[in-house]
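Biologist: I've got a chain open on my screen and I'd like to talk it through. Mind if I fire some questions at you?

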Amino acid sequence: FNEFICGLSVFCPNGTLDEKLRFSFDIYDFDHDGHISKKELQLMLEASLVENHMSLSETQISALVEATFKEADADGDGLIDFEEYRQMVQKHPSMIKNMTISDLGGGGAQ
């Protein structure tokens, strides 16, 4: 339960950018090896498409994965490490902009 509550704190307005970056990176890094592989990105993309009732062809998904790696994989090792991920998010802040819950109660202070 404590891990769950600590995880939720990332979504609070006072959650730091680094906390949000680490949390979102860890979501993509399924095997927790410190890198996002093309397969991990593909699996996350496919899951996101299903969740949003959308579909893309395998060719389109592969093209998105390749384009992402072309931009993010600065050292060309075929993996995205945390620093490369950070740089990509800095270029595209919308990747994590929805990671803040501003009012859980719905009413706020009056």
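Biologist: Let's dive in, then: is Glu46 buried, partly exposed or exposed?

Modeller: Keep in mind that this is a predicted model. Glu46 belongs to helix α3, and its relative accessible area is 21%. Buried needs a value under 20% and exposed one over 50%, so Glu46 comes out as partly exposed.

Biologist: Which residues does Glu46 touch, leaving aside neighbours within four places in sequence?

Modeller: One partner, Glu58, sits twelve residues away along the chain, with 9.5 Å between the two C-alpha atoms. Contact goes by heavy atoms within 4.5 Å, so the C-alpha distance alone doesn't settle it. With neighbours up to four places away set aside, the contacts of Glu46 are Glu58 and Ile61.

Biologist: And Gln42, is that one buried or exposed?

Modeller: Gln42 is in helix α3 too, and its relative accessibility is 19%. The cut-off for buried is under 20%, so Gln42 counts as buried.

Biologist: What does Gln42 touch beyond four places in sequence?

Modeller: Glu58 turns up here as well; it is 16 residues from Gln42 in sequence and 9.7 Å away, C-alpha to C-alpha. Once residues up to four places away are left out, the list for Gln42 reads Glu58, Ile61 and Val65.

Biologist: Zooming out, in what order do the elements of the chain run?

Modeller: There are five helices and two strands to place. Starting at the N terminus, the order is α-α-β-α-α-β-α.

Biologist: What share of the chain's residues counts as buried?

Modeller: The chain has 110 residues, and a residue needs a relative accessible area under 20% to be called buried. On that basis the buried share is 26%.

Biologist: At what angle do the axes of α2 and α5 cross?

Modeller: Helix α2 covers residues 17-28, and its axis comes within 10 Å of that of α5. The crossing is right-handed. As for the angle, it is roughly 115°.

Biologist: How do the residues of that contact between α2 and α5 divide by type?

Modeller: From α2 come Asp18, Leu21, Arg22, Ser24, Phe25 and Tyr28, while α5 brings Phe82, Tyr85, Arg86 and Val89. Sorted by type, they give six nonpolar, one polar and three charged.

Biologist: Now the largest pocket: which elements give two or more residues to its lining?

Modeller: That pocket holds about 420 Å³ of space. Its lining has 14 residues, with Tyr28, Leu41, Leu45, Thr68 and Met95 the closest to the centre. The elements giving two or more are α3 (38-51), α4 (58-72) and α5 (82-91).

Biologist: How many residues of that lining are nonpolar, polar and charged?

Modeller: Tyr counts as nonpolar and Thr as polar, so among the residues closest to the centre, Tyr28 and Thr68 fall into separate groups. Over the whole lining the split is eleven nonpolar, two polar and one charged.

Biologist: What is the phi of His32?

Modeller: Most residues other than glycine have a negative phi. His32, in the loop between α2 and β1 (35-37), is not a glycine, yet its phi is positive. The value is about 55°.

Biologist: His53 has a positive phi too, near 55°; is His53 buried or exposed?

Modeller: His53 lies in the loop between α3 and α4. Its relative accessible area is 77%, and the bar is over 50%, so His53 is exposed.

Notes: Residues numbered from 1 in each chain as written. Predicted model: local features only at pLDDT ≥ 70, side-chain atom pairs only at ≥ 80, totals over all residues. Heavy atoms only, no water. 1 Å grid on protein atoms, 1.4 Å probe; cavity = no way out; pocket = protein on both sides within 12 Å on 5 of 7 lines; lining within 4 Å. Points joined across faces, edges and corners; volume = space filled by probe spheres on them. Helix = DSSP H or I, 4+ residues; strand = E, 2+ residues; numbered from the N terminus. Axes fitted to C-alpha atoms, helices over the stretch in contact; angles between N-to-C directions. Left-handed = near helix turned anticlockwise from the far one by under 90°. Buried < 20%, exposed > 50% of the residue type's maximum accessible area, 1.4 Å probe, protein only.
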